[in-house]
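Me: I should like a close look at a single part of this model, followed by an account of how the surrounding parts are arranged. Please begin with one stretch of chain and proceed from there.

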Amino acid sequence: MVSYIFRRILATMPVMAIVALFVFSLLYIAPGDPAAVIAGDQASPADVERIRQALGLNRPFLVQFGSWVWRILHGDLGTSIFTNLPVGSLIAQRIEPTLSLMVITLVLTLLIAVPLGVVAAWKAGTWLDRTIMAFAVFGFSLPVFVVGYVLAYVFALHLEWLPVQGYTPLAEGFWPWLVNLILPAVALGCVYIALIARITRAAMLEVLQQDYIRTARAKGLGQNSILFVHALKNAAVPIVTVIGIGIALLIGGAVVTESVFAIPGLGRLTIDAILRRDYPVIQGIVLLFSFLYVLVNLMVDVTYTLVDPRIRY
Amino acid sequence: MTVSTSKTARLPSGFVVAPQLPDLLVSVKVRRGVLGFLRNHPTVAIGGALLLCLVLVGILAPHLGTVDPTALAPAKRTRAPSADFWFGTDALGRDIYSRVLYGARVSLIVGLSVALFASLAGLAIGLVSGFVRWADGIVMRFMDGLMSIPPILLAVALMALTRGSVGNVILAITVAEIPRVSRLVRSVVLSLREQPYVDAAVASGTRTPMIILRHILPNTLAPMLVQATYICASAMIVESILSFIGAGTPPTIPSWGNIMAEGRALWQVKPFIVFFPAAFLSVTVLAVNLLGDGLRDALDPRMAKGL
Amino acid sequence: MALLDVQNLQTHFRTPEGVNRAVDGVSFHVDEGETLAIVGESGCGKSVTSMSLMRLIPEPPGKIAGSIRFQGKDLLQLSEPEMRAIRGNDISMIFQEPMTSLNPVLTVGRQIGETLRMHQGLDKQAALARAVEMLTLVGIPEPARRVREYPHQLSGGMRQRVMIAMALACNPKLLIADEPTTALDVTIQAQILQLMLDLKRRVGAAIVLITHDLGVVAEIAERVMVMYAGRKVEEAPVAELFRSPRHPYTQGLLGALPRLGSSLTGAARRLAEIPGQVPSLKQRIEGCVFAGRCPLATDLCREFAPGLEEKGPRHIAACHYAPKEAAAA
């Protein structure tokens with residue numbers, strides 16, 4: 001088991017390296033002089049030169065990449081062009097709201113999506129199944145800011161049940177923290193719920209046709225035991241896989257959700273960085289989220305061995 | 001029953017006839033032809049019709065009672081929807097109705113182009129890595145790496161380095177979508193290569209390009225078409241998100257994401273600015289997704305079980 | 001009173017190509033402790049019959065009609081919870097595919113224990129202890145270790161033993177075995193059959209054995225019912241059936257059986273075959289279902305479906321031209 005996890009971690013190393021190489025080399029792949037693009041249209045040649053110096057664009061590619069990786073391995077993500085602050089500390093300041101939002105959304109999604117998918121598969125072909133799947137298509141099609149605005153309009157502006165915007169740190173209490181995150185989490189979770197509900201239904205449908213489900217029914221087991229013990233455990237591998245893949249949707253959506261609900265997180269930082277063309281900050285954020293994504297999917301791989309005894313480690 | 005008694009009257013004595021049993025179920029008629037197909041797969045019909053309408057709206061935008069979508073009119077800012085301004089006006093007094101209709105062009109062009117380019121590039125990469133053993137490892141590791149960057153962030157990173165233009169938006173989203181298509185194509189190629197008829201073709205000396213043309217491409221087409229519709233939907237959402245956060249099409253071009261971005265600050269007091277582009281975007285993406293779901297069910301019943 | 005009394009069982013399915021009348025008017029009974037074999041080629045409705053007895057047919061797309069009286073109660077009238085209390089407890093089932101009929105992600109002990117916890121209210125420890133006992137009973141070595149293993153760690157024969165242990169855990173009155181040995185090696189088949197017979201004697205359960213293997217029938221059944229195209233065409237005690245099959249279909253089946261000592265390649269005796277195909281059950285069949293393949297068929301057969309007639313002592317067949325005992329003697 002330990003050696004399996006260790007081997008999985010080793011296997012993610014090349015992926016991480018490729019991510020790093022790709023994020024780094026974007027500066028060179030992009031057409032034109034990156035320093036000029038980052039400096040913007042109104043920049044003076046001196047500004048462009050300053051940025052070139054700051055990014056080290058005047059040195060050979062491999063030297064730059066080497067020293068960049070070296071610094072990252074030592075926890076240095078570079079320095080913001082705009083604020084001159086270390087990217088690492090900029091991210092550290094903003095990471096709590098984003099992680100909070102993602103965790104709440106993940107919990108909410110799993111609580112809603114998996115049972116929905118299971119019920120849809122159980123009642124496959126009925127009006128209940130069709131309704132759930134219709135909602136899933138809608139959830140899939142509505143862009144996150146559209147859901148966000150509608151929710152905020154109805155539940156915050158009109159009904160005044162929940163705050164319209166803002167974020168309260170967890171340190172100031174669990175409830176204020178949670179209350180502020182409910183609407184954003186629902187908005188952000190929409191696509192994710194749709195995705196997980198669909199894969200859960202598909203995986204369950206496949207499993208429910210298996211002979212061992214017939215055996216379970218012939219034993220006189222109740223519907224709940226069949227669905228949630230005998231079937232769901234077998235359907236778990238594809239579901240967990242998509243939960244892992246879906247984290248990418250969550251990361252992308254978080255940027256937008258934070259903007260709609262004025263949450264001062266990494267999304268806000270990203271948008272500010274885009275507007276200011278602060279490339280080191282963008283680089284740092286992309287790298288961080290990619291590593292987070294790889295890490296989550298590493299955890300998914302390890303989860304396989306817990307749900308399916310046939311997978312060897 | 002009366003029929004059977006009159007029948008049994010003709011039966012010689014000494015013969016026993018089995019009792020007639022009732023039918024428990026009424027059989028349903030299977031519909032065939034184009035109309036039958038559309039009735040059996042209503043999502044294709046609904047999605048297709050909606051999409052057709054939106055394409056027409058995009059093409060005919062200048063003839064649908066619109067004005068110049070970029071014309072400023074500071075005196076008429078943030079007017080609510082009325083007979084003059086059907087969808088109201090934005091913070092700069094531009095007619096939202098006209099902007100939304102012209103915005104359909106941007107969304108559709110981005111969606112369709114990304115679907116096309118990503119499919120072609122993915123097809124090429126997938127075929128290469130499915131057929132060229134030594135390239136497979138390298139290409140797929142690279143794709144793994146690319147897939148580990150959340151698509152929106154990858155597009156954001158690309159856009160941050162280029163000047164905002166529709167072309168660059170298409171390029172950025174295409175790059176982010178390529179890994180998914182190439183993985184799909186590769187898996188189809190690998191499973192087809194195991195098929196006896198492909199083995200037979202290889203054994204009888206058929207050259208690789210011929211095998212690809214005859215056996216691989218036709219079988220790749222259906223899953224690719226379905227995948228392409230989903231990519232189209234996803235590309236339209238990503239485009240609007242990029243524009244919304246300021247990393248997409250330049251603000252001078254009326255795209256749905258841009259209109260919403262401009263309405264963002266005012267949304268609590270003037271929700272209509274955000275509402276109309278949001279509604280159009282949602283309906284368009286919904287139409288494409290419905291079409292994709294329907295095609296998936298129709299083209300490959302086995303695939304319908306998966307996502 | 002018979003343990004199980006089935007009258008006019010009909011099981012139909014709605015399919016895109018039309019209604020499939022998989023089982024159409026089958027009646028039979030099983031006495032306590034008796035072994036009844038249901039034989040027929042694949043697609044004759046024998047498996048659907050067994051699934052219908054347990055009400056395991058999904059409705060829709062299926063529909064079951066008729067009556068299935070078990071200890072006097074009509075199972076078709078029971079509510080789903082009442083039916084669940086019977087499944088695995090009073091009536092249990094063994095399936096054809098031991099490789100796929102056990103849940104791959106649950107331990108063997110859990111899958112046996114589950115039935116006991118459910119029907120007999122045992123707690124976890126007691127259920128596991130009883131599972132070990134059952135594994136010992138079905139002849140699995142090292143049962144204490146095996147209960148903690150997963151199905152993929154067992155061989156096919158062992159898995160079928162586990163299935164039998166599971167089915168017999170609650171001492172059922174009736175055991176339905178659907179092709180229990182078909183998927184197994186020949187040597188293992190004999191062991192499993194022997195095991196079933198031993199356990200049947202010990203537990204006193206009646207068995208409904210579904211099979212297409214007449215060798216198996218001869219070995220363990222007391223009475224045989226032959227099905228064709230969703231109908232019962234003949235029924236008799238096993239010795240009587242093998243001695244003088246009445247229905248042309250049964251005669252064909254027995255003729256298709258290779259005899260020990262007969263040469264398959266020599267001129268001596270060719271293995272008989274029944275010409276033609278089983279008719280599609282998706283259209284209503286007028287007249288006798290076997291008429292299309294029957295050497296004796298006349299226009300009368302094609303118009304009037306033969307009813308079941310007593311052709312000998314405890315021997316019934318559905319054929320207008322099958323000889324009766326007097327005529328045969």
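Reply: In this predicted model, residues 235-261 of chain A are 96% helix and 0% strand, and the C-alpha atoms at the two ends of this span are 36 Å apart. The UniProt record, an unreviewed entry, lists residues 235-261 of chain A as a "transmembrane region". That entry gives the same label to residues 9-30, 99-122, 134-155, 175-195 and 281-307 of chain A. One of these, the span 99-122 of chain A, is 100% helix and 0% strand, with its end C-alpha atoms 34 Å apart.

The next point is how chain A meets its neighbour. In the model, 46 residues of chain A are in contact with 42 residues of chain B. Several helices of chain A each supply at least two residues to the side that touches chain B, among them helix H10 (223-260), helix H1 (2-29) and helix H12 (279-307). Helix H6 (127-141), helix H7 (144-158) and helix H8 (174-208) of chain A also each supply at least two. The largest share, 8 residues, comes from H1(A). By residue type, the side of chain A that touches chain B divides into 38 nonpolar, 5 polar and 3 charged residues.

Chain B, the partner in this contact, has 11 helices and 0 strands. Of its 307 residues, 45% count as buried. Among the contacts in chain B with a separation of 6 or more, 68% are between residues 24 or more positions apart.

Chain C offers a sheet to consider. Here 8 strands form an open sheet with mixed pairing, in the order E6-E7-E8-E3-E9-E10-E12-E11 (chain C). Strand E6 (91-94) and strand E11 (309-312) of chain C are the edge strands, each pairing on one side only. From one strand to the next, the twist averages 20°. Strands of a sheet pair through backbone hydrogen bonds, either parallel or antiparallel. Strand E10 (residues 231-237) and strand E12 (residues 315-317) of chain C run antiparallel and are joined by 2 bridges. Within this pair, Glu235(C) has Ile316(C) in E12(C) as its bridge partner. Helix H6 (residues 156-168) of chain C packs on the sheet, where the helix touches E6 and strand E7 (174-178) of chain C. The direction of this helix makes about 175° with that of E6(C).

Conventions:
Residues are numbered from 1 along each chain as its sequence is written. Chains are lettered from A and ligands numbered from 1 in the order in which they are written. This is a predicted model: local features need pLDDT of at least 70, side-chain atom pairs count only at pLDDT 80 or more; totals for chains, interfaces and linings use all residues. Helices (H or I, at least four residues) and strands (E, at least two) are DSSP runs, numbered from the N terminus. A residue is buried if 20 or more other C-beta atoms lie within 10 Å of its own, exposed if 12 or fewer, and partly exposed in between; C-beta atoms are placed from the backbone. Two residues are in contact if their C-beta atoms, placed from the backbone, lie within 7 Å. Ala, Val, Leu, Ile, Met, Phe, Trp, Tyr, Cys and Pro count as nonpolar, Asp, Glu, Lys and Arg as charged, and the others, Gly among them, as polar. UniProt positions are given in the numbering used here, feature names are shortened, and annotations may be inferred rather than shown by experiment. Two strands pair if DSSP finds at least two bridges between them. Axes are lines fitted to C-alpha atoms, for helices over the stretch in contact, and angles run from 0 to 180 degrees between N-to-C directions.
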